[in-house]
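Welcome! Please take a moment to look over the sequence and the 3D view, and then read on for a short guided tour.

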Amino acid sequence: MARYLRENNIVPNYPRKGIVTSAETLTDAMRETIESVFGKIIFNRYGCRETGLLAFEDEEHNGLHVNFPGNLVEICKHNTTVPVWEDEGDVLITTLTQKHFPLIRYQVGDVAIQTKVKCSCGRNSQLLRKVSGRSSDFVTAINGSKIHGEYFSHILRVGDKVRQYTAIQKESDLMVIDIVLAQALSNSERQSILNSFRNNLGEEMRIEFNEVDNIPPLPSGKRRFVISLIDGKF
């Protein structure tokens, strides 16, 4: 919506106070585009269907405050019970208000970073520095290292030429990228994208680059920008 308004030189007179985002992962590029077009600050939220609202961004924008005491949120790595701080790990949730079917250390499939730093707003609730996305949003390079899907948004951000994309790691050495273009890419731009992928994923990584007219959303209604079909467990 923000990109459409900008491309058509439409200056919106709404909203009056701010914008609340949720559902899909809010990348830095998305935040920059939306705030520049609407001229209002974004307040991000994080939740899931099983528990509802889990965390929210306040007026200081230092991270996401966990919605306690409704839920206990842990950020752990490699299925351990030891929480990690200032590092990405799996999100585990324990519900504290569901009496009939409580969830205990339920792994929702998301990856986030928690911090011990207290927010300057004065609230003492647990703070998530960032929700990075789904654990399957991490792709595996040829050398075995994990690369977060947000990396692709930086590589494929060629002005406003790329309208939409989906990158799917179908095999350990195969990336399939479907892309919807608003404007044609030059040969140098296309080669630069492929070079960036190979530099980060490995020279042996096979890359299929497909220009398509449309990328439909998933049955849930959400759009996944990066999907790993191999063992991409964080």
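**Aromatic pairs**

The count of aromatic pairs comes to 2 in this structure, which is a predicted model. Each such pair can be described by how far apart the ring centres are and by the angle between the ring planes. Let's meet both pairs, and then visit the sheet, one arginine and the chain as a whole.

*The pair Y14 and F38*

- The ring centres of Y14 and F38 are 5.8 Å apart and the planes stand at 55°, so this pair is tilted; planes over 60 degrees apart would count as edge-to-face.
- Y14 sits in the loop between α1 (2–7) and β1, while F38 belongs to helix α2, so the pair ties together parts that are 24 residues apart in sequence.
- Is each partner buried or exposed? Y14 is partly exposed, because its relative accessibility is 40% and the partly exposed class runs from 20% to 50%.
- F38 has a relative accessible area of 14% and is therefore buried, since the buried class is under 20%.

*The pair Y165 and F225*

- The rings of Y165 and F225 also form a tilted pair, because their centres are 5.9 Å apart and their planes are at 40°.
- Where in the chain do Y165 and F225 lie? Y165 is in strand β11 (residues 162–171), and F225 is in the loop between β13 (206–211) and β14 (226–228).
- This pair links distant parts of the chain, with the two positions 60 residues apart in sequence.
- Y165 counts as buried at 11% relative accessibility, whereas F225 counts as partly exposed at 24%.

**The sheet and a helix**

- Try tracing the open sheet of 8 strands: its order is β1-β2-β3-β4-β8-β7-β6-β5, and the pairing is mixed.
- At the edges you will find β1 (19–21) and β5 (71–76); each has a single partner strand, so one side of each is left without a neighbour in the sheet.
- From one strand to the next, the twist averages 45°.
- Strands β7 (residues 106–115) and β8 (residues 127–134) pair in the antiparallel sense, over 6 bridges.
- Across from Q114 you can find L128 in β8.
- Helix α2 (residues 28–38) packs on this sheet and touches β1, β2 (42–48) and β3 (52–57).
- The direction of helix α2 makes about 135° with that of β2.

**A look at R206**

- R206 is found in strand β13, and its relative accessible area of 40% makes it partly exposed.
- Which residues does R206 touch, leaving out those up to four places away in sequence? They are E171, D173, L174 and M175.
- R206 and L92 are 114 residues apart in sequence, and their C-alpha atoms are 34 Å apart in space.

**The whole chain**

- The protein chain has 4 helices and 14 strands.
- A compact globule with 234 residues would have a radius of gyration near 17 Å, and the 19 Å of this chain agrees with that.
- Along its principal axes, the C-alpha trace spans about 55 × 50 × 35 Å.
- Of the 234 residues, 43% count as buried.
- Among contacts with a separation of 6 or more, 54% are between residues 24 or more positions apart.
- The accessible surface comes to about 13100 Å², and 51% of it belongs to carbon and sulfur atoms.

How values were computed:
Residues are numbered from 1 along each chain as its sequence is written. This is a predicted model: local features need pLDDT of at least 70, side-chain atom pairs count only at pLDDT 80 or more; totals for chains, interfaces and linings use all residues. Side-chain values use heavy atoms; hydrogens and water are left out. Two strands pair if DSSP finds at least two bridges between them. Axes are lines fitted to C-alpha atoms, for helices over the stretch in contact, and angles run from 0 to 180 degrees between N-to-C directions. Contact means heavy atoms within 4.5 Å. Rings of Phe, Tyr and Trp (its six-membered ring) pair if their centres lie within 6.5 Å; planes under 30 degrees apart count as stacked, over 60 as edge-to-face and the rest as tilted. Buried means under 20% relative accessible area, exposed over 50%, partly exposed in between (1.4 Å probe, protein chains only). The radius of gyration is taken over C-alpha atoms; the globule rule is 2.2 Å times the number of residues to the power 0.38. Accessible areas come from the Shrake-Rupley method with a 1.4 Å probe; for residues, only the protein chains shown count as cover.
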